[in-house]
Amino acid sequence: REKLPFLRTCGTRVLVNFFGSTFDEYVDCGARLDAMDGIDGLEMNVSCPNIKAGGIEFGRDPVVLGELVRACRAVIRKPLWVKLTPNTSDIVSLARACAANGADAVSLINTITGMAIDARTRRPRIATVFGGLSGPAIKPIALRMVYQVHQANIPIPICGIGGIQTGTDAIEFLLAGASCVQIGTQNFVDPATAERVIHEMEDHCRATGVYDIAELIGALVVDR
């Protein structure tokens, strides 16, 4: 009611991130968003606690994740991306479960669980004690996970996320295997970041003789 009328005037694609705390909430939310005019695709955030399973994140168990993706795919006709948690020891299995159950792409990565303490008051700085760490600090972890999933030849595109501040940062994600990127935290620092990053990527391509940005996807050279 409040956001879509404005977004329909922006002349850009709209991808909506959604989540739930039960299977039914995910499916219901996905179906409602899928029916709305002006939304081009959905990104399912699976780094949410499953209240019916003791608070375990949906996205940490490949079997549960696969079931959730399949259930949402059944009611969603629009492109469906899955935003994966980095709080796992096997990101490849999670991505593979998404691909096997109908996801059109995966987004890597969501925030990393952390905490902050106020030494003066001896209390947590975050009301929920734990919170999501984002921004430049997580970039090396995000690059590693994008690279791992790309190397596993999982047959869906990867969207790279985590600490992107410059065009060079974005290109690093493409080289690791991402087909596109997202910018989040840096928008709070500089709302014009996305436009600047695009120009910086164009400058890099001109300077290095790249005529098609797709040439950079997965082009990292690793000596073994």
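**Exercise 1. Is Arg 196 buried, partly exposed or exposed?**

Solution. The model is predicted, and the accessibility used here is computed from it. Step one: the relative accessible area of Arg 196 is 26%. Step two: buried means under 20% and exposed over 50%, with partly exposed in between. Step three: Arg 196 is therefore partly exposed.

**Exercise 2. Find the salt-bridge partner of Arg 196 and place both residues in the fold.**

Solution. Step one: the side chain of Arg 196 meets that of Glu 200 in a salt bridge, at 3.1 Å from N to O. Step two: both residues belong to helix α8, which covers residues 193-208. Step three: they are 4 residues apart, about one turn of the helix. Step four: Glu 200 has 28% relative accessibility and counts as partly exposed.

**Exercise 3. Which parts of the chain does the salt bridge between Asp 37 and Arg 8 tie together?**

Solution. Step one: the side chains of Asp 37 and Arg 8 meet at 3.8 Å, N to O. Step two: Asp 37 sits in the loop between α2 (23-34) and β2 (41-45), and Arg 8 in the loop between α1 (4-7) and β1 (15-18), so the bridge ties together parts that are 29 residues apart in sequence. Step three concerns exposure. Asp 37 is exposed, with a relative accessible area of 59%, whereas Arg 8 is partly exposed at 45%.

**Exercise 4. Describe the salt bridge between Arg 77 and Asp 34, then state the exposure of each residue.**

Solution. Step one: the N to O distance between the two side chains is 3.2 Å. Step two: Asp 34 is in helix α2 and Arg 77 is in the loop between α3 (62-73) and β3 (80-83), so this pair ties together parts that are 43 residues apart in sequence. Step three: Arg 77 is exposed, with a relative accessible area of 71%. Step four: Asp 34, at 4% relative accessibility, counts as buried.

**Exercise 5. How many salt bridges does the structure hold, and which residues are linked in a network?**

Solution. Step one: the structure holds 10 salt bridges. Step two: Lys 139, Asp 169 and Glu 172 are linked in a network of salt bridges. Step three turns to the charged side chains as two sets. The protein chain has 22 positive and 24 negative side chains, and the centres of the two sets lie 7 Å apart.

**Exercise 6. Where does Ala 71 lie, and how far is Ala 71 from Asp 61 in sequence and in space?**

Solution. Step one: Ala 71 is part of helix α3. Step two: Ala 71 is 10 residues from Asp 61 in sequence, and their C-alpha atoms are 15 Å apart. Step three: Ala 71 has a relative accessible area of 24%, which makes it partly exposed.

**Exercise 7. Compare the radius of gyration of the protein chain with that of a compact globule, then describe the whole chain.**

Solution. Step one: a compact globule of 224 residues would have a radius of gyration near 17 Å, and the 18 Å of the protein chain agrees with this. Step two: the C-alpha atoms fill a box of roughly 55 × 50 × 45 Å along the principal axes. Step three: the secondary structure comes to 8 helices and 10 strands. Step four: of the contacts with a separation of 6 or more, 65% join residues 24 or more positions apart. Step five: 39% of the 224 residues count as buried. Step six: the chain exposes about 12,500 Å², and carbon and sulfur atoms supply 56% of that area.

Conventions:
Residues are numbered from 1 along each chain as its sequence is written. This is a predicted model: local features need pLDDT of at least 70, side-chain atom pairs count only at pLDDT 80 or more; totals for chains, interfaces and linings use all residues. Side-chain values use heavy atoms; hydrogens and water are left out. Helices (H or I, at least four residues) and strands (E, at least two) are DSSP runs, numbered from the N terminus. The radius of gyration is taken over C-alpha atoms; the globule rule is 2.2 Å times the number of residues to the power 0.38. Buried means under 20% relative accessible area, exposed over 50%, partly exposed in between (1.4 Å probe, protein chains only). Contact means heavy atoms within 4.5 Å. Accessible areas come from the Shrake-Rupley method with a 1.4 Å probe; for residues, only the protein chains shown count as cover. Lys and Arg count as positive and Asp and Glu as negative; His and the chain ends are not counted. The place of a charge is taken as NZ of Lys, CZ of Arg, CG of Asp or CD of Glu. A salt bridge is a side-chain nitrogen of Lys or Arg within 4 Å of a carboxyl oxygen of Asp or Glu.
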